[in-house]
Amino acid sequence: MGETVHAIIRNYNGDPTRLMDILIDIQSQLGYLSEWTIEQIAKSLDIPKIDVEQTVSFYHFFTKEPRGKYTVYLNNSVVTGFYKVDEIVKTFEKEAGCSFGRVSPDGLIGLFSTACIGMSDQEPAAIINEQVFTRLTPDKVKTLIAGMKDGKTIEQLKGSSYGDGQNANPLMKATVKNHIRKKGEVIFSGDYTAGDALRKIKSAKMSSNDVIDIVKKSSVRGRGGAGFPTGMKWEVARKAQGEPKYIFCNADEGEPGTFKDRVILTEEPKLVFEGMTIAGYAVGARYGILYLRNEYMYMKKYLVSILQDMERDNLLGTAIGGKNGFNFDIRIQFGGGAYVCGEESALIESAEGKRGEPRDRPPFPVEKGYLQKPTVVNNVETLCTVVKIITKGHEWYNTIGTRESRGTKVLSISGDCEEPGIYEIPWGFSVNDILKMTGARDVQAVQVGGPSGSCIAANEFGRTLAYEDLATGGSLIIIGKNRDLLKDVVLNFAEFFREESCGSCVPCRALTGMSKLVMEKIVSGKATVSDIDRLVSWAPIMKKNRCGLGQTALNPILTTIKNFRHLYDEKVKGNSEIINPAFNLAAATADYEAAVKN
Amino acid sequence: MAFVKFIVDGKECMSEEGKQLVEAAKENNIYIPTLCNYPGIPPKGSCRICTVLISGRPATACTTKVTEGMDIQSAVPELESFRKSVVEILFAEGNHFCPSCEKSGNCELQALGYKYTMMVPDFPYMFPKREVEAWHPKLLKDHNRCILCKRCIRGIHNNDGKTLFAYGKRGDKLLINIDPETSKDISDELAQQAMDMCPVGAIIRKEKGFAVPIGRRKYDKMPIGSDVEE
Ligand SMILES: Cc1cc2nc3c(=O)[nH]c(=O)nc-3n(C[C@H](O)[C@H](O)[C@H](O)COP(=O)(O)O)c2cc1C
Ligand code: SF4
Ligand code: FES
């Protein structure tokens, strides 16, 4: 055990900024991070033990206690709830012999729940020992647990029918499906050959300034949610002082209901890596880091081999494409299970081996980012788009989409429709168009842009997806009329934000939990109108949080109060403001009664 | 040294360029309330109470540096109401029983509660179950009162420059841990420094809590910020 730990630490040269990798590798080999292990790490890195512990305890997937030989992480996202997940939970607990949050008495099976794992189009899904199992049914669960009891390997548990496309790649062998329902003109156009953009740069003798110029003229904006103009970001980073510079590809994809980056990375990984390389060329960056969410660990071997292929083909490494002085290397940085790490400055902190707490800005990452050096953070889809723009020209790109929103958007669509999956469409489609495309009927609401976006009702289905109207990072969750919107959706999202706040800002840390409490009161029919008003009055407080998580954390509640007020009114109907309907006299005096009885 | 002019609530002010806005305002007799900020240690911008509007956009005054012509709104109703909310949220989030606290009268949270005439918080009391760590030789850590401002993490280091304090967990389970090894043989001075730096009564130096009786302490005599304001 000691040798394993020390070998891994040596592997990263005892560098405290690689603490995440050290923890991930050790846990992957030993199953958990014991007190002893943490002590060893602290000593070897020459940092206090609590410094190691503060990173360990921040991330959902790190554990100081054994979590079983087989560790099940069942997704608890909203969409899972649409597929009778209660029965799955019950079956897991019955067959494994322990409840969720625990390990079976023999230490064989651990049952845990986790936030959206990026499989919303194939729920219910779970991660077991870094591998993904989708479309679970009670029968499948029984077979899985029986297999575990028989000591089957994780490969044997997966079976041999793999998903489509590269999911079946021998290095991945994933049972995950792509579900690409609609291919568009940019990302999934199918006409990409690795090195296209690099060759174009060479043949057209484009300088780094030329590249930035074309990206600016294409008016492409970030696909990670905030919609920041990519060319402008690159230009600032290019001008910023400090060496070496870094390019991050943000593949944290933690917004519940979003899974497009998973599919892009599965089918077009070279397009992503070439996008990072082009960004590196434009900005003058030496290194690239793909920050990949821990949930996508099953892709690791496959993606590492793709990087090796590209190096072999001189698309990465030194003197790329025969251009002297153009050097660029990419490594993969895994996360540890924290939605907030998708926020660019938290992502950088995490990649430095720390807790994923967003930084205060300014300075922005483009000035002082990873290791305090100029750093560009771009979404997976943004980087892919740029490769196409360089290859085919900004004039071509500008013919797609609307006037203010150029190009296509890859949408992750899930929930109550016949064909959930990936749709790449030009900007400008209406929500109604999409509902038709996906075979959705009897729709009550659509959650646009995940929980941090907004929940809209039928009267807004005519709106179009575009930066100038309904902007979105790309997820649409379709919610049928048969769903209890407040209980099944809003409450789930409220719990999500309570769990995922980093806890740094007072309003975010406290009001995520408090709003969930009030929401529970409303759902149970024990709230009054003033409780609803109270939630609304918290909106301006939350706007003053440091990062986007806290600033949007009340959106599920606020947008449903705005668009589905009648559901709230029904819940509080007849409840008087004078008495507190939630007050339970028996519970409040239980301690006293017990004391008196004794 | 370059001096810059800036405006706070319509009043023209002057200070060195690049100075922390909280300090620059103080020099001009304007009090912007703070909690997580502490002079001389790097600001963190986590409590948000010092939020001001700069050209209409919210920013924390502890992490902002003044520049020429900056137009700042601070004592406006929207922000004063926000600040009161932050104080109330902190009271409702933890377990704060002032009458039994060693820090009463020297507590910045309590003093801000008075400043904003807090009566009953408009936020649900969470009554969290939290520990009191009394086993450190020099310090007592009462997690019930901790407002997680991170001052101790940022400001207190032992002779080797190592931290004694660090965050643990996240979100509403966030807490501040003390390293048992580094805290074992700290000096009395460092223990006192940690207690003084803590804005509330979450870090108490053992056997020294009531050296000055309640009623004769800093904020018992003057409201918080009154030494700054004209
Ligand atoms: C809480 C939070 C989570 C985020 N998660 C992601 C994410 O998973 N992927 C992503 O690309 N951007 C995410 N973002 C946005 C990033 O901060 C950043 O704007 C983006 O990666 C920039 O890339 P782009 O300009 O290409 O969109 C998140 C932001 C916040 C506040
Ligand atoms: S808003 Fe929330 S998640 Fe963001 S930094 Fe503040 S506490 Fe952390
Ligand atoms: S004092 Fe500025 S955010 Fe706390």
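## Salt bridges and the A–B interface

Start with charge pairing across the interface: chain B and chain A share 9 salt bridges in this predicted model. One salt bridge to pull up on screen joins the side chains of Asp46(A) and Lys162(B), with an N to O distance of 3.0 Å. The background is simple enough: side chains of opposite charge can pair when their charged atoms come close. Polar contacts add to the picture, with 24 residue pairs found across the interface of chain B and chain A, counting pairs where both residues have pLDDT of 80 or more.

Which elements of chain B each supply at least two residues to the side that touches chain A? They are β4 (57-60), α2 (77-93), β8 (165-168) and β9 (175-178). The largest share comes from α2(B), which puts in 9 residues. Sorted by class, the side of chain B that touches chain A has 19 nonpolar, 11 polar and 12 charged residues.

As for extent, the contact draws 39 residues from chain A and 42 residues from chain B. Together the two chains bury about 3200 Å², and 56% of that area sits on carbon and sulfur atoms.

## The shell around ligand 1

Ligand 1 has 18 residues around it, and the closest are Gly224(A), Glu253(A), Asn378(A), Asn379(A) and Thr382(A). Some of the polar distances run to the backbone. An oxygen atom of ligand 1 lies 3.0 Å from a polar backbone atom of Glu344(A), and an oxygen atom of the ligand is 3.1 Å from a polar backbone atom of Arg223(A). On the nitrogen side, a nitrogen atom of ligand 1 is 3.2 Å from a polar backbone atom of Gly342(A).

How much of the accessible area of ligand 1 does the protein cover? On its own the ligand has 610 Å², and the protein covers 89% of this. Two elements of chain A give two or more residues to the shell: β10 (375-379) and α23 (548-552). Of these, β10(A) gives the most, with 3 residues. By class, the shell around ligand 1 splits into 9 polar, 6 charged and 3 nonpolar residues.

## The shell around ligand 2

Ligand 2 has 13 residues around it. Cysteines feature among the nearest: Cys502(A), Cys505(A), Cys508(A) and Cys547(A) are listed there along with Ser504(A). The class counts for the shell around ligand 2 are 7 nonpolar, 5 polar and 1 charged.

## A salt bridge within chain A

Zooming out to the whole structure, a search over all chains finds 61 salt bridges. One of chain A's own pairs is Lys388(A) with Asp191(A), whose side chains meet at 3.4 Å, N to O. Why does this pair tie together parts 197 residues apart in sequence? Lys388(A) is in helix α16 (residues 380-392) of chain A, while Asp191(A) is in the loop between β6 (180-182) and α9 (196-203) of that chain, so the salt bridge links parts with that separation.

## Backbone oddities in chain A

A few backbone spots deserve a look. As a rule, most residues other than glycine have a negative phi, and most peptide bonds are trans. Here, though, the peptide bond from Glu123(A) to Pro124(A) is cis, with omega near -15°. Pro124(A) sits in the loop between β3 (109-114) and β4 (126-128) of chain A. A cis peptide bond also joins Pro362(A) and Pro363(A), where omega is about 0°. Pro363(A) belongs to the loop between α15 (344-351) and β10 of chain A.

Then there's phi. Asp442(A), a residue other than glycine, has a positive phi near 50°. You'll find Asp442(A) in the loop between α18 (431-438) and β13 (443-448) of chain A.

Notes: Residues are numbered from 1 along each chain as its sequence is written. Chains are lettered from A and ligands numbered from 1 in the order in which they are written. This is a predicted model: local features need pLDDT of at least 70, side-chain atom pairs count only at pLDDT 80 or more; totals for chains, interfaces and linings use all residues. Side-chain values use heavy atoms; hydrogens and water are left out. Contact means heavy atoms within 4.5 Å. Buried area is the accessible area (1.4 Å probe) that two parts lose on being put together, summed over both. A salt bridge is a side-chain nitrogen of Lys or Arg within 4 Å of a carboxyl oxygen of Asp or Glu. A polar contact is a pair of N or O atoms within 3.5 Å; within protein, one must be able to donate a hydrogen and the other to accept it, and residues adjacent in sequence count only if both atoms are side-chain atoms. Helices (H or I, at least four residues) and strands (E, at least two) are DSSP runs, numbered from the N terminus. Ala, Val, Leu, Ile, Met, Phe, Trp, Tyr, Cys and Pro count as nonpolar, Asp, Glu, Lys and Arg as charged, and the others, Gly among them, as polar. A residue is near a molecule or strand if one of its heavy atoms lies within 4 Å of it. Accessible areas come from the Shrake-Rupley method with a 1.4 Å probe; for residues, only the protein chains shown count as cover.
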